[in-house]
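Biologist: Before we discuss this chain, please place the model in front of us. I should like to put some questions about its cysteines, its core and its packing.

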Amino acid sequence: MNALDPMHPAGAPAGFHCDRVHGKFLGVCQGLANYMHINPTLVRAVFIIGTLFGFGSFVLIYLLIALLAD
């Protein structure tokens with residue numbers, strides 16, 4: 001097992017996927033947090049702030065990631 005990511009054997013690339021089991025809505029933020037090894041609350045905060053200051057563009061990005069991932 002890889003020390004950084006116990007879900008993948010050593011040497012295998014850890015690809016991005018939506019974590020719908022542990023995620024709040026569609027699992028996009030949880031999947032990104034797992035992929036980058038950071039706290040999912042931080043990713044959710046970035047999406048909320050980006051949605052407020054980006055005139056909703058982050059909502060489209062979120063939905064595109066949810067549709068294209070997995």
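Biologist: How far is the sulfur of Cys18 from the closest cysteine sulfur, and in which residue does that sulfur lie?

Modeller: Please note that this is a predicted model. A disulfide requires the two sulfur atoms to be within 2.5 Å. The closest cysteine sulfur to that of Cys18 is too far for a bond, at 9.5 Å, and it belongs to Cys29.

Biologist: How many disulfides does the count come to?

Modeller: Cys29 is in no disulfide, the nearest cysteine sulfur being that of Cys18, 9.5 Å away. With a cut-off of 2.5 Å between sulfur atoms, the count of disulfides comes to 0.

Biologist: Is Cys29 buried or exposed?

Modeller: The threshold for a buried residue is a relative accessible area under 20%. Cys18 meets it with 5%. Cys29 has a relative accessible area of 7% and is therefore buried.

Biologist: What elements does the chain contain, and in what order do they run?

Modeller: The chain has 3 helices and 0 strands. From the N terminus on, the order is α-α-α.

Biologist: Which elements are included in what covers the buried residues of helix 1?

Modeller: Helix 1 spans residues 28–36, and its buried residues are Val28, Cys29, Gln30, Gly31, Leu32 and Ala33. Just after this helix, His37 adopts a positive phi of about 60°. The cover over the buried residues of helix 1 includes helix 2 and helix 3.

Biologist: Which helix supplies the largest share of the largest nonpolar core?

Modeller: In soluble globular proteins, nonpolar side chains tend to be buried together. Here the largest nonpolar core has 10 residues, among them Cys18, Cys29, Leu32, Val43, Phe47 and Tyr62. Each of helix 1, helix 2 and helix 3 contributes at least two residues to this core. The largest share, 4 residues, comes from helix 1.

Biologist: Is helix 2 parallel, antiparallel, perpendicular or oblique to helix 3?

Modeller: Two packed helices are described by the angle between their axes and the distance between the axes. The axes of helix 2 (residues 40–53) and helix 3 (residues 57–68) come within 8 Å and cross at roughly 135°. That angle makes the relation of helix 2 to helix 3 oblique.

Biologist: How many nonpolar, polar and charged residues has the contact of helix 2 with helix 3?

Modeller: Helix 2 contributes Val46, Phe47, Gly50 and Thr51, and helix 3 contributes Phe58, Val59, Ile61, Tyr62 and Ile65. Sorted by class, the contact of helix 2 with helix 3 has no charged residues, 2 polar and 7 nonpolar.

Biologist: Why does Ile65 count as partly exposed?

Modeller: Ile65 lies in helix 3. Residues between 20% and 50% relative accessible area fall in the partly exposed class. Ile65 belongs to that class because its relative accessibility is 23%.

Biologist: How far apart in space are Ile65 and Leu32, C-alpha to C-alpha?

Modeller: Leaving out residues up to four places away in sequence, Leu32 touches Phe16, Val43, Phe47 and Ile65. On the same basis, Ile65 touches Phe16, Cys18, Val28, Leu32 and Phe47. Ile65 and Leu32 are 33 residues apart in sequence, and their C-alpha atoms are separated by 9.8 Å.

Biologist: What percentage of the 70 residues in the chain do buried residues make up?

Modeller: Among contacts between residues at least 6 apart in sequence, 30% join residues at least 24 apart. As for burial, with the threshold under 20% relative accessible area, the buried share of the 70 residues is 26%.

Key. Residues numbered from 1 in each chain as written. Predicted model: local features only at pLDDT ≥ 70, side-chain atom pairs only at ≥ 80, totals over all residues. Heavy atoms only, no water. Axes fitted to C-alpha atoms, helices over the stretch in contact; angles between N-to-C directions. Parallel < 35°, antiparallel > 145°, perpendicular 65-115°, else oblique. Contact = heavy atoms within 4.5 Å. Nonpolar A, V, L, I, M, F, W, Y, C, P; charged D, E, K, R; others polar. Buried < 20%, exposed > 50% of the residue type's maximum accessible area, 1.4 Å probe, protein only. Core = buried A, V, L, I, M, F, W, Y, C linked by side-chain atoms within 4.5 Å.
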